[in-house]
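Colleague: I would like a close look at one sheet, and then at what else the model holds. Please keep it simple.

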Amino acid sequence: MAFWAPDLALINGRILTMDGEGRIAEAMAVMDGRIAGVGTTKAVLAACGPKTRIVDLGGRVALPGLTDPHVHLADKGTDDLYRFDVRDFYTNVRSIPDILAQVKGVAAEKPAGTWLIGHGSPMQDLRMGERRFPDRWELDRVAPDHPVAIGFGAHITIVNSRALALAGIDRDTPDPQGGHIDHDPATGAPTGKLVERAQLIVRAAHGSYSYEEMKDGIVFAGKQCLERGITTVHDIVTNHQTMRAYQELARDGRLPVRTSVLVRIIEAAIQKESLLNLGIHTGFGSDWLKIGGVKMSIDGGITGQAAAFHEPYANNDCNCGLIRIKSDELDETVDLYHRAGHRVCIHAIGDKALDMALGALDKAITAAPRDDHRHRVEHMGNWLVTPDRLATVKRLGILPVPNIPFLHFLTPTVLECIGAGRLENSFNLKTLLAAGIPITSGSDGPGYWPVDILRDISFAVARDTWDGGVHQSHEALTLDQALALFTRNAAFNGFEEDIKGTLEPGKLADVAVLGEDPYAVAPERIRGIEVDMTIVDGRIAYVRDDARGFN
């Protein structure tokens with residue numbers, strides 16, 4: 001008789017250990033939040049005691065809890081709770097009149113003067129019949145008594161006249177550094193389109209969510225992650241209230257998913273020197289909540305046609321994008337945080353920004369060599385990873401973090417913006433893996449789209465796009481490779497390979513149980529697989545309502 005008995009036993013399943021050797025087990029035992037053993041159903045049952053909770057998987061597939069390493073959970077989870085939705089990816093909105101009808105309906109329900117805040121999809125203008133966003137005057141017609149602001153992705157906000165007035169924006173307001181206020185070329189009046197940092201002016205006018213609303217948004221978004229088998233996220237935070245909210249939720253046992261916080265230190269309410277002055281290193285915290293690094297953004301977003309390229313956009317030969325952080329500030333900040341023992345995560349989308357990011361990291365690492373820094377370049381791997389840039393990444397030990405959802409949702413519109421040449425060999429995930437780079441992928445959700453790794457695994461294998469095409473199928477991953485991106489590789493990305501990413505004895509008992517076998521369905525169907533159960537820290541955190549057969 002065993003001298004210990006597991007708290008939880010999963011039996012009669014297909015346990016994908018993701019250990020790199022392809023080992024598949026029948027059963028798994030869990031004790032004190034850790035995996036105690038993996039093997040046959042007979043062996044695990046023999047170790048069980050009268051208090052062991054036994055879950056018969058009935059042949060279901062179980063795999064390590066999934067990790068999304070680039071999310072905006074606190075900000076956009078709250079948006080999903082409180083903003084009205086005009087996203088064409090998830091609604092029937094297909095035109096400006098459709099948007100205006102939604103705004104009019106919301107205005108009819110709110111007292112005059114109430115801010116109406118909505119969110120649309122990135123690059124939605126290029127998918128609508130009018131091929132543009134609504135302007136301030138069109139929004140005025142359906143909501144003359146309300147300030148209106150609609151974010152189309154993270155990089156463009158469209159507002160009406162009342163919103164502009166409350167924000168103090170008129171024809172003479174100068175563009176902020178790293179931002180742009182669009183003006184009518186004939187009259188000079190602002191059109192209501194605000195790009196990058198110009199959005200912050202209106203956000204300051206309408207204010208943020210209350211502290212409790214923010215906490216509710218984190219819980220709401222975290223529970224949505226559990227429903228898709230996601231047990232860890234790396235969330236980008238911009239203010240001390242969010243940091244406090246995360247700590248309180250973790251303390252009170254209300255934090256649904258493990259969170260590695262990436263602290264934005266430029267364009268944020270958090271002062272650039274804060275972590276340096278405290279002497280906190282990356283990794284400070286617990287298995288539930290820790291500092292994962294610092295985050296900064298060099299250029300704007302591709303969805304706002306503000307990513308910084310060396311050459312102009314294909315559809316606008318006067319536009320090369322925006323630089324949000326100048327080279328001297330970038331180099332100094334990267335060097336300071338590198339020397340302080342932090343992991344640095346740099347948003348760089350256009351090739352000009354990529355070169356600035358790689359240059360700053362090269363200078364810092366060369367001046368002060370440091371083993372195992374795992375610095376990241378966010379969005380690198382989407383496009384323009386040339387042989388020279390790839391060589392720099394390998395030499396410096398940098399981790400690119402591409403965004404597989406961009407492949408599916410945005411490739412047709414990005415093609416129009418930057419041209420076929422710059423999309424050649426884009427999302428070259430297979431090439432990056434073949435070069436020995438342990439890439440993962442971040443959804444950049446929620447907001448753009450939900451956080452959903454099974455969907456992203458499906459995209460990585462199928463390479464299909466929103467318009468029904470297939471994008472460069474020679475870079476398609478095998479299912480084994482795609483699963484590894486969000487298990488083993490994601491754990492490595494988070495400095496957590498010793499405790500996560502595989503189902504092996506001694507590691508945290510974070511598990512996703514799928515309703516179907518992803519190896520038994522077509523790649524396009526993987527995104528539709530339901531998650532029947534999610535286990536975090538050895539406890540069942542989610543069970544799908546109509547999942548059958550669990551004890």
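Colleague: Which four strands form an open sheet, in what order, and what is the sense of the pairing?

Modeller: The order is S5-S4-S1-S6, and the pairing is mixed. First, two ground rules. This is a predicted model, where local features need pLDDT of at least 70 and side-chain atom pairs count only at pLDDT 80 or more, while totals for chains, interfaces and linings use all residues. Residues are numbered from 1 along each chain as its sequence is written, and side-chain values use heavy atoms, with hydrogens and water left out.

Now the sheet. Strands here are DSSP runs (E, at least two residues) and helices are DSSP runs too (H or I, at least four), numbered from the N terminus. Two strands pair if DSSP finds at least two bridges between them. Strand S5 (34-39) and strand S6 (53-56) are the edges of the open sheet, and each pairs on one side only. From one strand to the next, the twist averages 15°. Inside the sheet, S1 (residues 8-11) meets S4 (residues 27-31) in the antiparallel sense, over three bridges. One pair to find on screen: Ala9 has Ala29 of S4 as its bridge partner.

There is a second open sheet, also of mixed pairing. Its six strands follow the order S9-S10-S11-S12-S14-S13. S9 (84-85) and S13 (179-183) are at the edges with a single partner strand each, so one side of each has no neighbour in the sheet. S11 (residues 148-152) and S12 (residues 156-159) run antiparallel and are joined by three bridges. There, Ala149 has Val159 of S12 as its bridge partner. Helix H3 (residues 96-109) lies across S9, S10 and S11, and it runs at about 135° to S11. For such angles, axes are lines fitted to C-alpha atoms (for helices, over the stretch in contact), and the angle between N-to-C directions runs from 0 to 180 degrees.

Move on to strand S8. All six of its six residues are buried. Buried means under 20% relative accessible area, exposed means over 50%, and partly exposed is in between (1.4 Å probe, protein chains only). S8 pairs with S15 in the parallel sense, over four bridges. Thr67 stands opposite Thr232 in S15.

Helix H2 (residues 73-82) packs against both of those strands. Its buried residues include Leu73, Ala74 and Lys76. The buried residues of H2 pack against S8 (66-71), S10 (116-120), helix H7 (211-226), S15 (230-237) and helix H8 (240-251).

H7 and H8 also pack on each other. The angle is about 60°, and the axes are 10 Å apart. That makes the two helices oblique to each other; angles under 35 degrees count as roughly parallel, over 145 as roughly antiparallel, 65 to 115 as roughly perpendicular, and the rest as oblique. Among the residues that make the contact are Tyr211 and Met214 of H7, and Gln241 and Tyr246 of H8. Contact means heavy atoms within 4.5 Å.

Just before H7 comes a loop. Gly207 lies in it, between helix H6 (199-206) and H7. Gly207 has 32% relative accessibility and therefore counts as partly exposed. Gly207 and Asp335 are 128 residues apart in sequence and 34 Å apart in space, C-alpha to C-alpha.

What about the interior? In soluble globular proteins, nonpolar side chains tend to be buried together. A nonpolar core is a set of buried Ala, Val, Leu, Ile, Met, Phe, Trp, Tyr and Cys residues joined through side-chain atoms within 4.5 Å. The largest core has 108 residues, and Val263, Met296 and Trp383 are among those with the most contacts inside it. Helix H11 (residues 351-367) gives the largest share of this core, nine residues. Apart from it lies another core, of 23 residues, including Val106 and Phe133. Val263 touches, among others, Val237, Met243 and Ile270, not counting residues up to four places away in sequence.

Finish with a strand much further along. Six of the six residues of S22 (residues 531-536) are buried. Four bridges join S22 to S21 (residues 511-514), and the two run antiparallel. S22 is also joined to S23 (residues 539-543) by four bridges, again antiparallel. Thr534 ties this together: it is the bridge partner of Ala512, and it stands opposite Tyr542 in S23. S22 and S23 form a hairpin with two residues between them. In that turn, Asp537 has a positive phi of about 60°.
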